Amino acid sequence: MSQGQYVALAYGVVLVFVLLWVAIMAAKLSRLQRETADLAEMARGRHSDG
Amino acid sequence: MSSRNSLPLLAFAAAGLLGLAVVLALLVAPEDANQGVSQRIFYFHVPIALTAYACFGLGAWKALRLLWVGGERRDLESYTWIHQGTIFGALTLITGSIWAKASWGVWWNWSSNQLVLFLVLFLFYCAYFMLRFSVDEGARRERICAVYALFGVALIPVSFLAIRLASDFIHPTVFTRAGPQMTRTMFMAFLVSWAAITLLAYVMYRVELVGKRTDSNLRELREALS
């Protein structure tokens, strides 16, 4: 590998890490959204029961 | 402006600064006379390493505050800073390793104190997560994790000074008592990169903290409703 390719690799690794972090956060956000919807459903069920 | 509203603005500022840092580091800064083009890794590697130290330091500071005045939120803040520290620590090791291979022909050197000490610091904080997830949630876990985070902070000055005190010369010392050993343009590119990486780490910290707090609140809500 040439020196320029190593530089591209180093900057590429940083970019991949940031993108990976964004993907993990997006997955977490979807899970939180699902859980919030479940809880809202549970609360609505309780409200209509009693 | 409230702190909630400032987060998207900070995220845009971090993205803009990162873009500017890449342009300055790769296109504007002059090529180093000794190392050639591989020296351009320096503009991201060093700010990432400094940010990792700062994240571990802030994690320890929050841990100290937790032990001092208490508060569940400080446990979450300390945990989030340490999480950020391990992300930037991993990036420090990877970018440093690539730089070493490009400049000196080796990926790693076990006889280099500063490299090994940074690895020890990184692994120490990786073990923090094993400790955290092996103890039941509650005040006991908060205290144990806080004490562990505080112990780790002692490694930061050792790791930082090792770069200056090391007897081998594989790891360069750019900042000396005489000031930065680089041109003004190079130093400007370094400062912009440092600001960009620091801001990125802060934005990531804030986003993760919001996620962890929401997670914790939802768990409590689920327990209350069930």
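Two residues are in contact, for this talk, if their C-beta atoms, placed from the backbone, lie within 7 Å. Keep that in mind for the contact lists that follow. What you see above is a predicted model.

I'll start with one residue, B:I156. That isoleucine sits in helix α6 of chain B, which covers residues 155–165. Setting aside neighbours within four places in sequence, B:I156 is in contact with B:Y53, B:F56, B:G57 and B:L121. Take B:L121 from that list: B:L121 and B:I156 are 35 residues apart along the chain, and their C-alpha atoms are separated by 7.2 Å. Is B:I156 buried or exposed? Neither label fits: 19 other C-beta atoms lie within 10 Å of B:I156, and a buried residue needs 20 or more, so B:I156 counts as partly exposed.

Now chain B as a whole. The chain has 7 helices and 2 strands. Read from the N terminus, six helices come before the two strands, and a helix follows them. The C-alpha trace spans about 65 × 40 × 30 Å along its principal axes. Of the 226 residues in chain B, 34% are buried. Among contacts in chain B with a separation of 6 or more, 78% are between residues 24 or more positions apart.

Next, the core. The largest nonpolar core has 53 residues, and B:I41, B:Y43 and B:A189 have the most contacts inside it. Which elements supply at least two residues each? From chain A, there is α1 (3–49); from chain B, there are α1 (3–28), α2 (42–69), α3 (72–104), α4 (113–134), α5 (139–153) and α7 (184–225). The largest share, 14 residues, comes from α2(B).

B:I41 deserves a closer look. Leaving out neighbours within four places in sequence, B:I41 is in contact with A:V7 and A:A10 in chain A, and with B:T95, B:I98, B:W99 and B:A102 in chain B. On the wider contact between the chains, 20 residues of chain A are in contact with 24 residues of chain B. The chain A side of that contact has 14 nonpolar, 3 polar and 3 charged residues.

Two helix pairs to finish. How are α2(B) and α7(B) packed? Their axes are 9 Å apart, at an angle of about 40 degrees. The angle makes α2(B) oblique to α7(B). The crossing of α2(B) past α7(B) is right-handed. On the α2(B) side, the contact is made by B:Y43, B:F44, B:V46, B:P47, B:I48, B:L50, B:T51 and B:C55. On the α7(B) side, the partners are B:A189, B:F190, B:S193, B:W194, B:I197, B:T198 and B:A201. By class, that is 12 nonpolar and 3 polar residues, with no charged ones. B:Y43 and B:A189, listed here, are also among the residues with the most contacts inside the core.

The second pair is α4(B) and α5(B). Their axes come within 10 Å and cross at roughly 175 degrees. These two helices are therefore roughly antiparallel to each other. From α4(B), the residues are B:F124, B:Y125, B:Y128, B:L131 and B:R132. They meet B:R141, B:I144, B:C145, B:Y148, B:A149 and B:G152 in α5(B). This contact divides into 8 nonpolar, 1 polar and 2 charged residues.

That is the end of my part.

Technical notes. Residues are numbered from 1 along each chain as its sequence is written. Chains are lettered from A and ligands numbered from 1 in the order in which they are written. This is a predicted model: local features need pLDDT of at least 70, side-chain atom pairs count only at pLDDT 80 or more; totals for chains, interfaces and linings use all residues. A nonpolar core is a set of buried Ala, Val, Leu, Ile, Met, Phe, Trp, Tyr and Cys residues joined through C-beta atoms within 7 Å. A residue is buried if 20 or more other C-beta atoms lie within 10 Å of its own, exposed if 12 or fewer, and partly exposed in between; C-beta atoms are placed from the backbone. Helices (H or I, at least four residues) and strands (E, at least two) are DSSP runs, numbered from the N terminus. Axes are lines fitted to C-alpha atoms, for helices over the stretch in contact, and angles run from 0 to 180 degrees between N-to-C directions. Angles under 35 degrees count as roughly parallel, over 145 as roughly antiparallel, 65 to 115 as roughly perpendicular and the rest as oblique. A crossing is left-handed if the near helix is turned anticlockwise from the far one by less than a right angle, and right-handed if clockwise. Ala, Val, Leu, Ile, Met, Phe, Trp, Tyr, Cys and Pro count as nonpolar, Asp, Glu, Lys and Arg as charged, and the others, Gly among them, as polar.
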